[in-house]
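Me: I'm new to this one. Can you walk me through it?

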Amino acid sequence: MSIIALDVGISSVKAARWDGAWRAVTRFPAGNVGTDVWAERLQLLGPTAESGIASVVPRLTPVLSEALRSLTGSPPHVVSARQPLPFRLAYATPETLGTDRLAAAVAAHSLAEGRPVVALDAGSAVTTEVVTDEPAYLGGAILPGPDLLRRALVRDTDQLPDIPWPNQVAAIGDSTRTAIQAGTGVMALDGVHGLLRRTIDDLGGDALVIATGGWGPWCAERIALITRVEPHLVLDGIRQLAIASGRRG
């Protein structure tokens, strides 16, 4: 089945078309443009009759839905915590759960083969999604990502410069530049490692950890607890939920 999936974030929309593999993976700026502009953009992904959206930007959801409907001839599936899911939703406030997080959890669960699983999405924010072997979605954690840490330090101080993220994480910097890299790099890396270690321990010591997001490969190279990297985990979850919804319909 060919399907277009959109992961709608605050600053950008990640889009791709699935036809057995992800094709034409791209990002569009999430600006205030109309349905016609979005339809023109999404047409570049190629022809399809099915589509799905996970959106954390309510104002964009109807615009993108209409653009997809004009391209495919049918309304897209919009991911929601109210829809049937492949696990029990044990989250205290499902109405506040970001649908990108939910889609990541669905895709990670599909790869877990009955084991507990942790989806680590390392982007502007770093999130974890935890699904037990029951299966039940428990929730997870949200913390600042590397870029947020770096920008906050520059924004809220007077003399510290904006510096690139370190390729190598060291605890001691011999200049202001490398001291900032040491502090932010160690905080991010050890923070994620510690969060994963505690999460796995809370699950009984055995869990698959799947990383995604722009910083996912960087984390995976440095944290042995991460089992694998899936760059399109959220898109995969959107695809699975959209297909399952169509079958039920």
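Me: What is the strand order in the open sheet of five strands, and how is it paired?
Reply: The order is 3-2-1-4-5, and the pairing is mixed. Strand 3 (22–29) and strand 5 (77–78) are the edge strands, each pairing on one side only. Strands here are DSSP runs of E with at least two residues, helices are runs of H or I with at least four, and both are numbered from the N terminus. Two strands pair if DSSP finds at least two bridges between them.

Me: Before going on, what kind of model is this?
Reply: This is a predicted model, in which local features need pLDDT of at least 70, side-chain atom pairs count only at pLDDT 80 or more, and totals for chains, interfaces and linings use all residues. Residues are numbered from 1 along each chain as its sequence is written, and side-chain values use heavy atoms, with hydrogens and water left out.

Me: Back to the sheet. In which sense do strand 1 and strand 4 pair?
Reply: Strand 1 (residues 3–8) and strand 4 (residues 50–55) are parallel, with six bridges. In that pairing, I4 is opposite S51 of strand 4.

Me: Which strands does helix 1 lie across?
Reply: Helix 1 (residues 35–43) lies across strand 1, strand 2 (12–18) and strand 3. Its angle to strand 3 is about 150 degrees. Contact means heavy atoms within 4.5 Å; axes are lines fitted to C-alpha atoms, for helices over the stretch in contact, and angles run from 0 to 180 degrees between N-to-C directions.

Me: Anything odd in strand 3?
Reply: A24 lies in strand 3. A24 is not a glycine, yet its phi is positive, at about 50 degrees.

Me: What about the open sheet of six strands, what is its order?
Reply: That order is 6-9-8-7-10-11, again with mixed pairing. The edges are strand 6 (88–89) and strand 11 (228–229), each pairing on one side only. Strand 7 and strand 8 are antiparallel over six bridges, and A122 has V126 in strand 8 as its bridge partner.

Me: Which helix lies across strand 6 and strand 11?
Reply: Helix 3 does, and strand 7, strand 8, strand 9 (136–144) and strand 10 (208–212) are also among the strands it crosses. Helix 3 runs at about 50 degrees to strand 8.

Me: Where is P135?
Reply: P135 is in the loop between strand 8 and strand 9. The peptide bond from E134 to P135 is cis, with omega near 5 degrees.

Me: New topic: how much space lies in the largest pocket?
Reply: About 800 Å³. A pocket, on a 1 Å grid over the protein atoms alone, is an open set of points where a 1.4 Å probe fits, with protein on both sides within 12 Å along at least five of seven lines; lining residues have an atom within 4 Å of a point. Grid points are joined across faces, edges and corners, and the volume is the space filled by probe spheres set on the points.

Me: Which residues are closest to its centre?
Reply: Of the 30 lining residues, D100, D121, G123, S124 and A125 are closest. Elements supplying at least two lining residues each include helix 3 (99–111), strand 7 (117–122), strand 8 (125–131) and helix 7 (233–248).

Me: And the second largest pocket, how much space is there?
Reply: About 290 Å³. This pocket has 17 lining residues, with S55, V79, S80, L97 and T99 nearest its centre.
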